[in-house]
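This report describes one protein structure, taking its sheet, its charged pairs, its enclosed spaces and its backbone geometry in turn. The sequence and the coordinates are shown first.

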Amino acid sequence: MGQHEPEHPQPSDPRIPPGQRLQRGWPVLHYGPVPRFKPLSWDFQVFGATASAEKQSWDFTAFHALPRVTVRGDFHCVTRFSMLGNEWGGVAAKTILDLVPPAPGVTHVMVWAEYGYSANLRLADFADPGTVFATHHNAEPLTLEHGFPVRLVVPHLYAWKGPKWVRAVEYMRADRRGFWEERGYHNLADPWAEQRFSYQEEPGDGPLR
C-alpha cells in the first residue's frame, strides 16, 4: 500500500506556527465599525499603576514625535493565516515603559482602543523588543481599516493581542481579561502552542473566569 499524505500537512516554512497557512496580502478583520479619526481630540494615554501615580498623555503631534523604531515581525491571526517578514514602524512599547515607568508590582497591562475594545498582556510580552505601537507597515502609513493612526503589534502572539486604533495603556498589578479573552479566547495567545481558546488554558494561564 502506498503512503497517505497527512490529513492536515504542516507548512514547510519553520516560521509558520502549527495550524497556520501562509497568507499573501493582508485581510481586513476587526470587530465593529472603523472609527473616524479626529486629530484635534486624539490622544494616547498611560494610566493605572504608574510609578508617579499620575496619568501621562500625548496629543497626536507629540506622540508622533516620540523616538521611532523599525522592527521586522511576523503576523499570526487566530483565523489561521500568517504573514511573514513584515516591517513595522512606530513607537516601541519599551519606549512607553521608559517614559512612564510602571509602579512596583505591575504584572500586566491592558491596551485600550476605540469603542472600549481591549486586550490584556503580561508585562514581559508588552516589554518585548518586537512589541511596537505601529503607525506604518512596510514603510507605508497604516490605512484606517488596518488601524490608523496607531495599532499595537505583538509579533510573537496571536494578532488579536494587538488592537487597532489604540488610545491607552493601563498598568495593572493583577491580570484581567480583555475583550476577546472574555469571549472565549485564550488568555496568553502563544501561536506556537496553539493557545487559541480559553478551554485550552492550564492553571495559572489566566485569572479566574
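Is R176 buried, partly exposed or exposed? In this predicted model, R176 has a relative accessible area of 35% and is therefore partly exposed. Its side chain meets that of E170 in a salt bridge, with 2.8 Å from N to O, and E170 is buried, with a relative accessible area of 14%.

**The sheet**

Five strands form an open sheet in the order β3-β2-β11-β6-β7, and their pairing is mixed. The edges are taken by β3, residues 56-59, and by β7, residues 118-122, each of which pairs on one side only. From one strand to the next the twist averages 15 degrees.

At one end of this order, β2, which covers residues 43-48, pairs with β3 in the antiparallel sense over four bridges, and D43 stands opposite D59 of β3. Towards the other end, β6 and β7 are likewise antiparallel and are paired over five bridges, with V111 standing opposite A119 in β7. On the side of β11, which spans residues 166-172, six bridges join that strand to β6, and the two run antiparallel; here the bridge partner of V111 is V169. V111 thus has a partner in β7, namely A119, and another in β11, namely V169.

Why can β6 be described as largely enclosed by the rest of the structure? The strand comprises residues 108-113, and five of its six residues are buried, so the description follows from that burial.

**Charged pairs**

The structure holds 11 salt bridges. Three of them are set out below.

| Salt bridge | Closest N to O distance |
|---|---|
| R167 and E114 | 2.9 Å |
| E181 and K161 | 2.9 Å |
| E170 and R176 | 2.8 Å |

The salt bridge between R167 and E114 links distant parts of the chain, since R167 is in strand β11 and E114 in the loop between β6 and β7, 53 residues apart. E114 has a relative accessible area of 21% and is partly exposed, just past the limit for burial, which requires a value under 20%. In the case of the salt bridge between E181 and K161, E181 lies in the segment after β11 and K161 in the loop between β10 and β11, so that this pair ties together parts that are 20 residues apart in sequence. Both E181 and K161 are buried.

The salt bridge between E170 and R176 was described at the outset. Elsewhere, salt bridges that share partners join D43, E114 and R167 into one network; D43 is the residue that stands opposite D59 in the pairing of β2 with β3.

**Enclosed spaces**

How many cavities of 30 Å³ or more does a search of the whole structure find? The search finds three, and the largest of them holds about 60 Å³ of space. Its lining includes D74, F75, H76, R151, L152 and V153, and β4 (69-76) and β10 (151-153) each supply at least two of the lining residues. By class, this lining has seven nonpolar, two polar and two charged residues.

The second largest cavity has a volume of about 50 Å³, and by class its lining has three nonpolar, three polar and four charged residues. The edge strand β7 gives the most to this lining, with three residues. Among the residues that line the second largest cavity are H108, N120, L121, R122 and K161; K161 is also the salt-bridge partner of E181. L157 appears in the lining of the largest cavity and in that of the second largest.

**Backbone geometry**

The peptide bond from F148 to P149 is cis, with omega near 10 degrees, and P149 lies in the loop between β9 (140-141) and β10.

Two residues other than glycine have a positive phi, Y115 with about 65 degrees and A139 with a value near 70 degrees. Y115 is in the turn of the hairpin that β6 and β7 form, with four residues between the strands, and at 56% relative accessibility Y115 counts as exposed. A139 is found in the loop between β8 (132-137) and β9; A139 too is exposed, with a relative accessible area of 55%.

Note on methods: Residues numbered from 1 in each chain as written. Predicted model: local features only at pLDDT ≥ 70, side-chain atom pairs only at ≥ 80, totals over all residues. Heavy atoms only, no water. Pairing = 2+ DSSP bridges. Axes fitted to C-alpha atoms, helices over the stretch in contact; angles between N-to-C directions. 1 Å grid on protein atoms, 1.4 Å probe; cavity = no way out; pocket = protein on both sides within 12 Å on 5 of 7 lines; lining within 4 Å. Points joined across faces, edges and corners; volume = space filled by probe spheres on them. Nonpolar A, V, L, I, M, F, W, Y, C, P; charged D, E, K, R; others polar. Buried < 20%, exposed > 50% of the residue type's maximum accessible area, 1.4 Å probe, protein only. Salt bridge = Lys/Arg side-chain N within 4 Å of Asp/Glu carboxyl O.
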